[in-house]
Amino acid sequence: MINKKLIRSIYDIVPSYYKEGHTYRKYYNLAQRNDYLTREEFDRVQLRHLTGILRYASIHVPYYSRLFKDIRFHIDKVDSLNCMKDIPITCKEQVQENLRDFQSKIYPSSRIRAIYSGGSTGIPAEYLSQKSDSAIERAFMHFQWSRVGFSPHNNNKLAMIRGVKPLKGDYEIRNGILVFSSYIKNQKMYGEYLERLIEFDPDFIHAYPSIIDLWAQYIIDNNLNVSLSKLKAILCGSENLDRIQRERIEKAFHTRVYSWYGHSERGCLAGECEVSNDYHILPDYGYAESITSSGDIAKSDEPGNLIVTSFNNKVMPLIRFNTCDEVILSDQLCPCGRGARLIKKVVGRTNQYLIDSKGKIIPANVLLPYELLGLFKNVRQYQFVQEKVGECIFLMNVKPSFSVEDEKKIKAEIERELGRNMRFLIKYVDTIPRTKNGKLMFLDVSRRLDNSTRFN
Ligand SMILES: [Zn+2]
């Protein structure tokens, strides 16, 4: 009899480069080949991808083919990156209201999958991409991690603390990865978690910065010496990572923190450089621009909203799509020798948390797990608000198609996420207040009374 468990555990240790398939290898090799382009080469590669995707969209995607005709945009005349400014910006709401209009006519439905995104802005969104998309994503991601020692040719032992819930208990080994729960019930748990981590002896820890930072604070506050001899880096994505968090995590774990910027619409991916904390934009992933609040193209090193054009999604290519993430793009050249353009800073990504009546911390990133975002089809915007510890108000601006059934499902799922020690109330609103910068935030704790409350 074949022992399925044994086969599974052998498969888990096969290096990514061999088990991930052709698409993964193709994109990994591409990223590797184009890592050290000069600035001129970088721009040339970006222009080649751009003209390719613009031509494809003009022929196969109804929205863009109409738009280019209306504005008389001729792809044959595109001879520099500067030509992009002639194309109007696409915003999230436009895509959500006309999803099929943005879908390629030629892509077979058997190869399409939906991606859901809530993002930091609280506008639920659905995008379509090809099924092979996840292999492309992993290839680029692993390539970035290779800057701090990750090798797709070897088995890299990974511990994960980022919103993936263990199926049973507080931690488990899943597909060879040690997965920890992101919920922290009390300080004692850190001791148990750290013991398990040391026993596992990972090469990398993949974590939300806000959560691993709480671990780091525990280690420093208790004067612990955590020795993980093989640990090459702590991989921190999906949230802002500030300088203080970075220093604290590096001090506690005696290793480097490696960070990157990406988003669910997959129009830009940029990973930290080994010699600085700036992010290099991957030339074969997408094109990044930024615009100021008055709609002008931001100058180098000036903050602006990130506008992206995706290169690899043939099901729903997004062209000059406004991510609503505030970033600082820079034309400066990095001392590492790569000519790739830089993201100097990502502003406006939330890493806040709710606190329940027992003082348990519920990080923003686990409030709405990916699997639940599909429930928000009839919701325009939403926001979690906490004014009192132990109470959470959920504001929703809903579409006319929103039903009692929708409310029931959303309520049940969120209550399950929040646990028994949080009073949960839904409030329907016509608008959700924006921050003073005009940004929608999906979690607002700015008016929380006992803001200093920490768990015990
Ligand atoms: Zn660099």
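**Exercise 1.** In this predicted model, determine in which sense strands β12 and β13 pair, and over how many bridges.

*Solution.* Begin with the residue ranges, which are 303-310 for β12 and 321-330 for β13. Between these two strands the pairing is antiparallel and extends over five bridges. As a specific point on this ladder, take Gly304, whose bridge partner in β13 is Val327.

**Exercise 2.** Place the pair β12 and β13 in its sheet, and identify which strands form the edges.

*Solution.* The sheet is open, has 12 strands and shows mixed pairing, and its order reads β4-β5-β3-β6-β7-β8-β9-β10-β14-β13-β12-β11. In that order β12 stands between β13 and β11. The edges are β4 (171-174) and β11 (286-291), each of which pairs on one side only. When direction is ignored, neighbouring strands of the sheet are turned against each other by 35 degrees on average.

**Exercise 3.** Classify the packing of helix α9 (residues 209-221) against helix α10 (residues 243-253), and describe which residues make the contact.

*Solution.* First, two packed helices are described by the angle between their axes and the distance between the axes. Here the angle is about 55 degrees, and the axes lie 8 Å apart. Because angles of 35 to 65 degrees fall in the oblique class, α9 is oblique to α10. The crossing in which α9 passes α10 is left-handed.

Next, list the contact: α9 contributes Pro209, Ile212, Asp213, Ala216, Gln217, Ile219 and Ile220, while α10 contributes Gln245, Arg248, Ile249, Lys251, Ala252 and Phe253. Finally, sorting these residues by character gives eight nonpolar, two polar and three charged.

Terms used. Residues are numbered from 1 along each chain as its sequence is written. This is a predicted model: local features need pLDDT of at least 70, side-chain atom pairs count only at pLDDT 80 or more; totals for chains, interfaces and linings use all residues. Axes are lines fitted to C-alpha atoms, for helices over the stretch in contact, and angles run from 0 to 180 degrees between N-to-C directions. Helices (H or I, at least four residues) and strands (E, at least two) are DSSP runs, numbered from the N terminus. Angles under 35 degrees count as roughly parallel, over 145 as roughly antiparallel, 65 to 115 as roughly perpendicular and the rest as oblique. A crossing is left-handed if the near helix is turned anticlockwise from the far one by less than a right angle, and right-handed if clockwise. Two residues are in contact if their C-beta atoms, placed from the backbone, lie within 7 Å. Ala, Val, Leu, Ile, Met, Phe, Trp, Tyr, Cys and Pro count as nonpolar, Asp, Glu, Lys and Arg as charged, and the others, Gly among them, as polar. Two strands pair if DSSP finds at least two bridges between them.
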